[in-house]
Amino acid sequence: MAEYIWIDAHGHVRSKSKIPEDGNFKPEDLPVWNFDGSSTDQAPGDNSDVYLRPVAVYPDPMRGVPNILVLAECWNADGTPNKFNHRHECAKLMEAHAEHVPWFGLEQEYTLFDMEDRPYGWPKNGYPAPQGPYYCGVGAGRVMCRDIVDAHYKACLYAGIKISGTNAEVMPAQWEFQVGPCEGIEMGDQLWMARFLLHRVAEEFGAKISVQPKPIPGDWNGAGLHTNFSTKEMRVEGGMKHIEEAIKKLEGRHKEHIAVYGEGNEMRLTGRHETGTIDQFSYGIANRGASIRIPRECAAKGYGYFEDRRPASNADPYQITGIIMETIFGAAN
Ligand code: ADP
Ligand code: MN
Ligand code: MN
Ligand code: MN
């Protein structure tokens, strides 16, 4: 069984299954398929076929060997990429600047909701006690849904996702997982697959995954998609010079970055709750209230990577990693 997975017009994943013919199950051996784009807001009713072009294949942790998960790009009937196919542009940028060996590490924060759309485990009326005991918490009443988090962790490992850790977040029922470092286009592919697996695993438990950047207004932390970045030049002695040059370039295109860093991010980037403000670019060493943070350890060594803290939890990793490459190294052609 091959589960074809794609991204719809709202940043949700969709999937359907087919029995492929025997083969090596590499992307190039798998058939191009299609779906009804009028049912997903991805095409008009009178020209509704959207094509699914396989781009990456993973072992399926739900069904086991020899079944597979197939990540697919969406293409229109006229041979142009579908409006919501951000992977295509991203792949061009990654290819154009491959010599810099770009590494990304994403920290995906998310919130678990029950079927009534309340954060999982929150009291029916009112709120839990204020934030404080929940971040990296242990024990009933401090963390919710560890079973889901752990099942997802293992599913990712089975599928070959470079998941590198998980932690409970500041708001109860909010968690994070990290994927990376991944090189180039692999980052977006892996994060989308990890998102698919999260929805798919939580489905078994009757929990919903929310990637809203500010799920609960008020004194409750929002959710981000911190993006850690380095190039081959930044990772060796003298790298800090390259990190500083990159940050200068990012400063000049703050607005353009914010435009693709997620919807509703203005509710989250308030300058409070470990964020910088949305209308002002800032950076600093070990500063969690800045747009860009240089980890203390990197500053001490003089090389390493930096963290772009601006992207919201619902941003598209292809758009984030793509614009970072474009801003630092220029357009693809
Ligand atoms: P934080 O302290 O911000 O919570 P995390 O430990 O949650 O950091 O996440 C750090 C992320 O940075 C991980 O995804 C990791 O893979 C990534 N990372 C580590 N080193 C590099 C590097 N040199 N280049 C890019 N990403 C990196
Ligand atoms: Mn983190
Ligand atoms: Mn976090
Ligand atoms: Mn972080």
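In what follows, a metal donor is an N, O or S atom within 2.8 Å of the metal (3.2 Å for Na, K and Ca), and water is not among the atoms, so sites may look incomplete. With that in mind, the manganese ion (ligand 4) is coordinated by Glu107 (OE), a second time by Glu107 (OE), by His226 (ND1) and by Glu307 (OE), at 2.0 to 2.5 Å. This is a predicted model, in which local features need pLDDT of at least 70 and side-chain atom pairs count only at pLDDT 80 or more, while totals for chains, interfaces and linings use all residues. Residues are numbered from 1 along each chain as its sequence is written, chains are lettered from A and ligands numbered from 1 in the order in which they are written, and side-chain values use heavy atoms, with hydrogens and water left out.

Along the sequence, the donor residues of the manganese ion (ligand 4) are spaced E-x118-H-x80-E. Histidine 226 in strand β10 and glutamate 307 in strand β13 (residues 306-308) are 81 residues apart, and this pair links distant parts of the chain; here strands (E, at least two residues) and helices (H or I, at least four) are DSSP runs, numbered from the N terminus. Histidine 226 has a relative accessible area of 8% and glutamate 307 one of 1%, so each of them counts as buried, a word that means under 20% relative accessible area, with exposed meaning over 50% and partly exposed lying in between (1.4 Å probe, protein chains only).

From this site one can move to the manganese ion (ligand 2), which lies 3.9 Å from the manganese ion (ligand 4), with glutamate 107 coordinating both. The protein donors of the manganese ion (ligand 2) are Glu107 (OE) and Glu176 (OE), at 2.2 to 2.3 Å from the metal. These two residues again join distant parts of the chain, since glutamate 107 belongs to strand β6 and glutamate 176 to strand β8, 69 residues apart. Glutamate 107 is buried, with a relative accessible area of 14%, and glutamate 176 is buried as well, at 5%.

Glutamate 176 leads on to the remaining metal site described here. The manganese ion (ligand 3) is 3.9 Å from the manganese ion (ligand 2), and glutamate 176 coordinates both. The donors of the manganese ion (ligand 3) are Glu109 (OE), Glu169 (OE) and Glu176 (OE), at 2.1 to 2.2 Å, and along the chain they follow the spacing E-x59-E-x6-E. Glutamate 169 is buried, with a relative accessible area of 7%.

Some of these metal donors appear again around ligand 1. Of the 18 residues around ligand 1, those that come nearest are Glu176, Gly180, Ser230, Arg293 and Glu307, where a residue is counted as near a molecule or strand if one of its heavy atoms lies within 4 Å of it. Strands β6 (103-113), β8 (174-183) and β10 (225-230) each supply at least two residues of this shell. By class, the shell holds seven nonpolar, six polar and five charged residues, with Ala, Val, Leu, Ile, Met, Phe, Trp, Tyr, Cys and Pro counted as nonpolar, Asp, Glu, Lys and Arg as charged, and the others, Gly among them, as polar.

Several N or O atoms of the protein approach oxygen atoms of ligand 1. In the side chain of arginine 293, an N or O atom is 2.9 Å from an oxygen atom of ligand 1; for the side chain of glutamine 178 the corresponding distance is 3.2 Å, and a backbone N or O atom of proline 181 lies 3.1 Å from a ligand 1 oxygen. Taken alone, ligand 1 exposes 590 Å², and the protein buries 75% of that, with accessible areas coming from the Shrake-Rupley method with a 1.4 Å probe and, for residues, only the protein chains shown counting as cover.

Strand β10 also contains threonine 227, which is buried, with a relative accessible area of 0%, and whose side chain reaches the backbone oxygen of leucine 225 at 3.0 Å. In contrast, aspartate 46, found in the loop between β3 (33-36) and β4 (49-59), counts as exposed at 74% relative accessibility.

Finally, UniProt, in an unreviewed entry, places the feature "domain: GS catalytic" at residues 86-333; its positions are given in the numbering used here, feature names are shortened, and annotations may be inferred rather than shown by experiment. The end C-alpha atoms of residues 86-333 lie 17 Å apart, and the span is 33% helix and 18% strand.

Conventions:
A polar contact is a pair of N or O atoms within 3.5 Å; within protein, one must be able to donate a hydrogen and the other to accept it, and residues adjacent in sequence count only if both atoms are side-chain atoms.
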